[in-house]
Amino acid sequence: MDEAKLKQARMFIEAIPHAHALGMRLDAIGGGAAELSMDWREDLVGDPRTGVIHGGAVSALLDTCCGAAVMSHPEAPAGTATIDLRIDYMRAATPRQRITARAEVYHITRTVAFLRATAHDEEAGLPVASATGAFTVERPKGGAQ
């Protein structure tokens with residue numbers, strides 16, 4: 001991925017208030033794939049009895065990760081927005097473990113990118129959630145793309 005796109009993707013993530021509030025970190029990006037993570041925090045717990053992170057935080061991580069993946073795709077020269085995102089929760093995340101999301105564009109048209117994503121805690125082979133989504137592919141104004 002070229003430096004300009006990498007910088008744009010980092011700025012995109014840092015500019016999203018909820019991404020900053022949740023402590024999301026961009027771990028890897030390029031070629032239509034991205035990896036973001038966030039630490040477990042007590043203020044993100046959905047059920048105080050179990051200490052399990054709230055599903056909404058996992059959802060936000062997956063959505064943001066998908067957006068970053070679209071922005072890193074060579075055929076997606078500008079911004080993006082979520083059209084549709086389906087998330088299947090498979091199990092509760094282990095309390096006090098970092099959550100990592102990985103998203104990849106598997107098909108792209110002139111106007112829509114289609115993605116698959118997973119979120120997992122420190123047990124990498126056992127997903128917490130999986131997602132499929134469709135995101136806009138925005139073209140620069142006045143450009144021939």
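**Cysteines**

I started with Cys 65 and looked for its closest cysteine sulfur. That sulfur sits in Cys 66, 6.2 Å away, which is too far for a bond. I keep in mind that this is a predicted model.

How far is Cys 66 from the nearest cysteine sulfur? I found 6.2 Å again, to the sulfur of Cys 65, and Cys 66 is in no disulfide. With a cut-off of 2.5 Å between sulfurs, my count comes to zero disulfides.

Are these two buried or exposed? Cys 65 has a relative accessible area of 0%, so I noted it as buried. Cys 66 comes out at 1%, and because buried means under 20%, I put Cys 66 down as buried too.

**The sheet**

Next I traced the strands. Six of them form an open sheet, in the order 1-2-6-7-8-5, with antiparallel pairing. Which strands stand at the edges? I found strand 1 (25-30) and strand 5 (82-89) there; each has a single partner strand, so one side of each is left without a neighbour in the sheet. On average, neighbouring strands are turned by 15° against each other, direction ignored.

I then followed strand 5 to its partner. Strand 5 pairs with strand 8 (residues 129-136) over seven bridges, in the antiparallel sense. One pair I looked up by name: Asp 88 has Ser 130, in strand 8, as its bridge partner.

**The helix on the sheet**

Last, I asked what helix 3 (residues 55-72) touches. Helix 3 packs on the sheet and contacts strand 1, strand 2 (33-38), strand 5, strand 6 (99-108), strand 7 (112-120) and strand 8. I also noted its direction, which makes about 150° with that of strand 2.

Note on methods: Residues are numbered from 1 along each chain as its sequence is written. This is a predicted model: local features need pLDDT of at least 70, side-chain atom pairs count only at pLDDT 80 or more; totals for chains, interfaces and linings use all residues. Side-chain values use heavy atoms; hydrogens and water are left out. Two strands pair if DSSP finds at least two bridges between them. Helices (H or I, at least four residues) and strands (E, at least two) are DSSP runs, numbered from the N terminus. Axes are lines fitted to C-alpha atoms, for helices over the stretch in contact, and angles run from 0 to 180 degrees between N-to-C directions. Contact means heavy atoms within 4.5 Å. Buried means under 20% relative accessible area, exposed over 50%, partly exposed in between (1.4 Å probe, protein chains only).
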